[in-house]
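Please look over the chain shown here before reading the notes beneath it. They are meant for a reader at the bench who wants to check individual residues against the coordinates.

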Amino acid sequence: MIAHPEPRFATLELTLRCPYRCATCGSDAGRARDAELGRDEWHRVVEELVELGCRRVTLMGGEPLASPDWRSIAALATKRRLEVELVTSGAGLTDDVAAELAEIPVDSVTVSVDGTESVHDAQRRVPGAFRRALDAITTLRSRGVAVGVGTQLNTLTVPTLRDLAPQLEAAGALAWQVQHTLPTGRARQSDLTLTPAETPPLHRLLRDLA
């Protein structure tokens with residue numbers, strides 16, 4: 001008999017809805033799918049994950065805050081004693097939303113920040129996206145929510161990392177996760193992915209920043 005390991009961690013892509021059209025989006029997000037899961041279906045997914053032994057779920061999109069059901073999904077997952085993380089661009093993250101996230105409560109929120117202001121806004125294709133992301137970090141921290149940052153590593157963002165690090169720290173980020181931009185989704189149309197030759201100096205830079 002083949003043993004099936006417990007799915008300790010799961011990522012739930014609640015919707016493809018998103019106000020941005022990021023050049024690096026691996027999901028090619030923007031418009032919702034024609035037939036996205038409804039609240040009851042997502043609740044059933046959460047219950048089944050609990051039964052399978054899952055310990056942690058990450059809610060993402062698209063922009064998860066654009067899903068009309070994110071609150072009830074996060075609340076149910078928390079009630080069922082799952083750790084809950086939410087990944088957001090910061091769009092739509094008002095003080096009221098931060099208060100709701102604190103009240104549920106989610107375990108953490110990760111805000112996507114890809115480079116310093118001009119680079120981030122260019123990739124998001126929306127002016128002001130960087131300021132909204134940093135404001136989201138500050139707002140979440142003011143509500144007592146543990147907040148970190150996720151940054152894609154590509155030819156545009158890597159040169160900005162030294163300048164970006166102190167800005168993230170000043171905003172109140174408690175952790176910083178980096179990952180390579182991969183040629184999937186909308187990123188297939190770009191030439192932003194790093195080459196193998198660029199990896200050794202990147203590793204040295206990340207060690208210095210750490």
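The points below cover the strands, the cysteines and two individual residues.

This is a predicted model, and every value given for it is computed. Its six strands form an open sheet with parallel pairing, and the structure holds zero disulfides.

**The sheet**

- The six strands of the open sheet follow the order β1-β2-β3-β4-β5-β6, and the pairing is parallel.
- At the edges of this sheet stand β1 and β6, the latter covering residues 176–180, and each of these two strands pairs on one side only.
- From one strand to the next, the twist of the sheet averages 25°.
- Within the sheet, strand β2 (residues 56–60) and strand β3 (residues 83–88) are paired in the parallel sense over four bridges, and R56 stands opposite E83 in β3.

**The cysteines**

- The structure holds zero disulfides, and C18 accordingly takes part in none, the nearest cysteine sulfur to its own being that of C22, 5.7 Å away.
- The sulfur of C25 also has its closest cysteine sulfur in C22, but because the separation is 6.2 Å, the two are too far apart for a bond; the cut-off applied to a pair of cysteine sulfur atoms is 2.5 Å.
- C18 has a relative accessibility of 14% and therefore counts as buried, and C25, with a relative accessibility of 16%, counts as buried too, since the limit for that class is under 20%.

**T24 in its loop**

- T24 is found in the loop that lies between β1 (9–13) and α1 (39–52).
- With a relative accessibility of 4%, T24 counts as buried.
- When its neighbours within four places in sequence are left aside, T24 is in contact with D114, Q123, Q152, N154, T181, A187 and L192.

**L206 in helix α7**

- L206 lies in helix α7, which is made up of residues 199–209.
- Because its relative accessibility is 24%, L206 counts as partly exposed, a class that lies between the limits of 20% and 50%.
- Not counting residues up to four places away in sequence, L206 touches L153, L161 and V178.
- The C-alpha atoms of L206 and R162 are separated by 9.2 Å, although these two residues are 44 residues apart along the chain.

How values were computed
Residues are numbered from 1 along each chain as its sequence is written. This is a predicted model: local features need pLDDT of at least 70, side-chain atom pairs count only at pLDDT 80 or more; totals for chains, interfaces and linings use all residues. Side-chain values use heavy atoms; hydrogens and water are left out. Buried means under 20% relative accessible area, exposed over 50%, partly exposed in between (1.4 Å probe, protein chains only). Contact means heavy atoms within 4.5 Å. Two strands pair if DSSP finds at least two bridges between them. Axes are lines fitted to C-alpha atoms, for helices over the stretch in contact, and angles run from 0 to 180 degrees between N-to-C directions.
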